[in-house]
Amino acid sequence: MHIHHPGSPNSSQSEDDAATKIQAGFRGYRVRKQMRQSKTGGAGGSAPNSGSGQQRSPKVGKKLASSLEDNSAAKIQAGVRGFLVRKRQKVATEAATKIQASFRGFKTRKDLKTTKKDK
């Protein structure tokens with residue numbers, strides 16, 4: 001697996017790919033869970049028409065499932081984006097620290113040279 005540097009041109013594409021894979025995995029999990037519940041009689045109630053006594057119209061059930069899917073996807077995406085922002089910030093902070101350390105070393109060596117010449 002090739003990981004792109006956060007500043008590279010392809011990083012947003014890799015973020016989109018990662019979010020898509022996460023969403024696909026979650027959707028697959030949810031469908032498998034619904035299938036298991038429908039096989040066992042639906043004793044959890046989240047499968048459509050699971051024997052709760054009330055029959056929902058297919059449109060209402062589908063709309064609720066779509067809404068749940070959208071909300072779940074949004075939460076997953078928010079988590080991934082937050083992680084990526086924190087990761088990018090850490091990389092930037094480490095780079096700034098290295099630049100500062102390099103400059104301080106350069107300045108110290110330069111100051112030492114001028115101090116030796118003055119003596």
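Is F106 buried, exposed or partly exposed? With a relative accessibility of 46%, F106 counts as partly exposed; buried means under 20% relative accessible area, exposed over 50%, and partly exposed in between (1.4 Å probe, protein chains only). The legends below come back to F106 after a look at the whole chain.

**View 1. The whole chain has two helices and zero strands.** Helices (H or I, at least four residues) and strands (E, at least two) are DSSP runs, numbered from the N terminus. Helix 1 takes in residues 11-39, and helix 2 takes in residues 58-118. This is a predicted model, where local features need pLDDT of at least 70 and side-chain atom pairs count only at pLDDT 80 or more, while totals for chains, interfaces and linings use all residues. Residues are numbered from 1 along each chain as its sequence is written, and side-chain values use heavy atoms, with hydrogens and water left out. Of the 119 residues in the chain, 12% are buried. The exposed surface comes to about 10,000 Å², with 58% of it supplied by carbon and sulfur atoms; the areas come from the Shrake-Rupley method with a 1.4 Å probe, and for residues only the protein chains shown count as cover.

**View 2. Here R88 and E15 form a salt bridge.** A salt bridge here is a side-chain nitrogen of Lys or Arg within 4 Å of a carboxyl oxygen of Asp or Glu, and by this rule the count comes to three. For R88 and E15, the closest N and O atoms are 2.3 Å apart. R88 belongs to helix 2 and E15 to helix 1, so this pair ties together parts that are 73 residues apart in sequence. Both ends are partly exposed: R88 has 32% relative accessibility, and E15 has a relative accessible area of 22%.

**View 3. Move to R27, R30 and E69, and you find a network of salt bridges.** Start with R27 and E69, whose closest N and O atoms are 3.2 Å apart. Since R27 lies in helix 1 and E69 in helix 2, the pair ties together parts that are 42 residues apart in sequence. Then there is R30, which meets E69 in a salt bridge of 2.7 Å, N to O. That pair also links distant parts of the chain, with R30 in helix 1 and E69 in helix 2, 39 residues apart. How much of each residue shows? R30 is buried, at a relative accessible area of 11%, whereas R27 is partly exposed at 30% and E69 is partly exposed at 23%.

**View 4. This close-up of the aromatic rings shows F26 with Y29, and F103 with F106.** A search of the whole structure turns up two aromatic pairs. In general, a pair of aromatic rings is described by the distance of the centres and the angle of the planes. Rings of Phe, Tyr and Trp (its six-membered ring) pair if their centres lie within 6.5 Å; planes under 30 degrees apart count as stacked, over 60 as edge-to-face and the rest as tilted. F26 and Y29 make a tilted pair, at 6.2 Å centre to centre and 45° between the planes. They are three residues apart in helix 1, so about one helical turn separates them. F26 is partly exposed at 25%, and Y29 is partly exposed at 41%. The rings of F103 and F106 have their centres 6.2 Å apart and their planes at 40°, so this pair is tilted. F103 and F106 are three residues apart in helix 2, which puts about one helical turn between them. F103 counts as exposed, at 51% relative accessibility, while F106, as said at the start, is partly exposed at 46%.

**View 5. Now look at I76, a residue of helix 2.** Leaving aside neighbours within four places in sequence, I76 is in contact with I22 and F26 (contact means heavy atoms within 4.5 Å). I76 and F26 are 50 residues apart along the chain, and their C-alpha atoms are separated by 9.0 Å. Across the chain, 52% of the contacts between residues at least 6 apart in sequence join residues at least 24 apart.

**View 6. Take care with residues 44-57, where pLDDT stays under 50.** pLDDT is the predictor's confidence in each residue, from 0 to 100. For residues 44-57 the model has 11 contacts beyond four places in sequence. Where pLDDT is low, the predicted coordinates should not be read in detail. The chain averages a pLDDT of 78, and 71% of the residues score at least 70.
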